[in-house]
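Work through these exercises with the model open beside you. Try each task before you read its solution.

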Amino acid sequence: MIRNGEMNMVEVKRILGRYWWVLPLTVIGGVSLALGSTAFLPKRFTSQTLVLVDEPTVSPELVKPVVSEATNQRLASMQEQILSRSRLQPIIEKFGLYSSERGTVHMEDLVARLRAAIDVTPLAPMQGTQNRQLPGFHVNVTFDNPQIAQRICSEITTMFMEQNSRDIDVQGTQTTEFFAQQVDQAKRNLDEEDAKLADFKKKNMGSLPDQEQANLGLLTGMNSQLDAVTQAVNRAQQDKVMNESLLSSQLATWKAVKGGDTPAETLDQQLTVLQDQLSVLQSRYTADHPDVIKTKNQIEQLKKRMSESPKGGSTPANAQTTGIEPPAIQQLRARIRQDDLSVADLVKRQGQIQSQISVLQGRIQSTPAVEQQFKELTRNYQSAVDFYNDLLKRHDQAKIGRDLNRQQEGEQFRVLDPPSLPMTPSFPKKTLFAGAGLGGGLALGLAILYLLAILDSSIHTERDVELCMNLPVLVMVPTVPPAGRVSTKGADKGLELTGTRA
């Protein structure tokens, strides 16, 4: 007897000993029912294939891949495209799937049913590896016909491989075209910066930073030339003044001789003037200078004339009678004209040098401002050059990567195991159903035994008596079998117990 749903081991043993046949019956019945149901349930066959992702044959360090997206992300994107209605509906029409339901079921439902029958599972990385990249994936197709399941699996696998090649080629082409456009734009920008820099150099020729030292050197040379020309102008002017003084003296002498008055001091004065002029020339030039030599000759000639004239002031008769100027006066006039030309040339040269000096000084003064602008233009030009070279390098890499993929040398999908032809159904599986039937039968048997234990109201133990009659047990009288008959049940059938309240 069970009270409050509590059972002890004694009760359990008693129930199992009395109703042991319930468990085998329910277990066998459950297994038989489960196995029998597999004969009536619709069969499903699963075709499976394994696709591996081959790494590029050329190292990524040599040729950078065009596709930077992770393979598992691309697989998810491809899966969404391939399992879309636009891709699955042609498969339904090609293989004539669900022909009996075409008129009653909407095409959206048929596509959803086929989509549910296709399972794409990434291949798990090997144990102990840290690589999370996708090394491959399984394609499983479950259908009620094994041949159709194999054909659908083959079709889906082919779609994955074609989609992968198409995506890689399209992405490579788009990347190459994008970089080609960027290279053209960068080339135009580079040409513009180059033209700006060339125009700036042309406008500021002579004031560029790298020409500053040359300008300083030219300025130093021009200043030296200006000093030399200034000194030459001064000397030429002094020569002119000296020659004009000699000319005045000789004209006075010549006029006096011509008029009949020949002062005695005339030749001496000329000699004194020439000697003074020689002293000045010797202080400025060496003894080999032409002016020094010429003045010395004039002094020698004048002394010779003075020695020939007894009075020191006589003049030849032809010089007194004719109105033609003596050769000495003509030479002085020629020398004065030459001095005027020399002074004019030297002054002109002096003005030119001063103009050049002004230009050089302006260039040197404007060099800092020009240098600032030049640095900015140079920096922009260098940035344009670097950007253009970088884009050109990326364009070449993208082009090489695209050609590599087209030559089947890049990342590719490779079918390792072709779609299988299933010989045994994947559903229902007899082993799984047998296990389920075994578990169900065992649970049912235990439930029946528990129910029988609860419904059993017979008294078997001293505790049952106390619970049932609410009286303490005083005496236990065993069951005595009739004479000549031996009881084999003994205590298994229990004891007949009575008791009275003390």
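Contact here means heavy atoms within 4.5 Å. The model is predicted: local features need pLDDT of at least 70, side-chain atom pairs count only at pLDDT 80 or more, and totals for chains, interfaces and linings use all residues. Residues are numbered from 1 along each chain as its sequence is written, and side-chain values use heavy atoms, with hydrogens and water left out.

**Exercise 1. Find what Ile-152 touches, then place Ile-152 in its core.**

Step 1. Skip residues up to four places away in sequence; Ile-152 then touches Phe-95, Leu-97, Leu-114, Val-141 and Phe-143.

Step 2. A nonpolar core is a set of buried Ala, Val, Leu, Ile, Met, Phe, Trp, Tyr and Cys residues joined through side-chain atoms within 4.5 Å. Buried means under 20% relative accessible area, exposed over 50%, and partly exposed in between, with a 1.4 Å probe and protein chains only.

Step 3. The largest such core has 30 residues; Leu-97, Leu-114, Ile-152 and Ile-156 touch the most other members.

Step 4. Among the elements that each supply at least two residues are β1 (45-54), α5 and α6 (146-203). The biggest giver is α6, with seven residues. Helices (H or I, at least four residues) and strands (E, at least two) are DSSP runs, numbered from the N terminus.

**Exercise 2. Work out the strand order of the open sheet and its edges.**

Step 1. Two strands pair if DSSP finds at least two bridges between them.

Step 2. The four strands run in the order β2-β3-β1-β4, with antiparallel pairing.

Step 3. β2 (118-122) and β4 (412-417) are the edges: each has a single partner strand, so one side of each lacks a neighbour in the sheet.

Step 4. Check one pair. β2 and β3 (residues 136-143) share five antiparallel bridges. Ile-118 has Val-141 as its bridge partner in β3.

**Exercise 3. Test the length of α2 and find its buried face.**

Step 1. The expected span is 1.5 Å times one less than the number of residues. The 17 residues of α2 should therefore span 24 Å, and the end C-alpha atoms are 25 Å apart, which agrees.

Step 2. The buried residues are Val-22, Leu-23, Thr-26, Val-27, Gly-30, Ala-34 and Thr-38.

Step 3. Take directions from the helix axis to the C-beta atoms. The buried residues of α2 fall within an arc of 135 degrees, so they line one face.

Step 4. The face turned away carries exposed Leu-25 and Ile-28.

Step 5. Cover for the buried residues includes α1 (9-18) and α12 (430-455).
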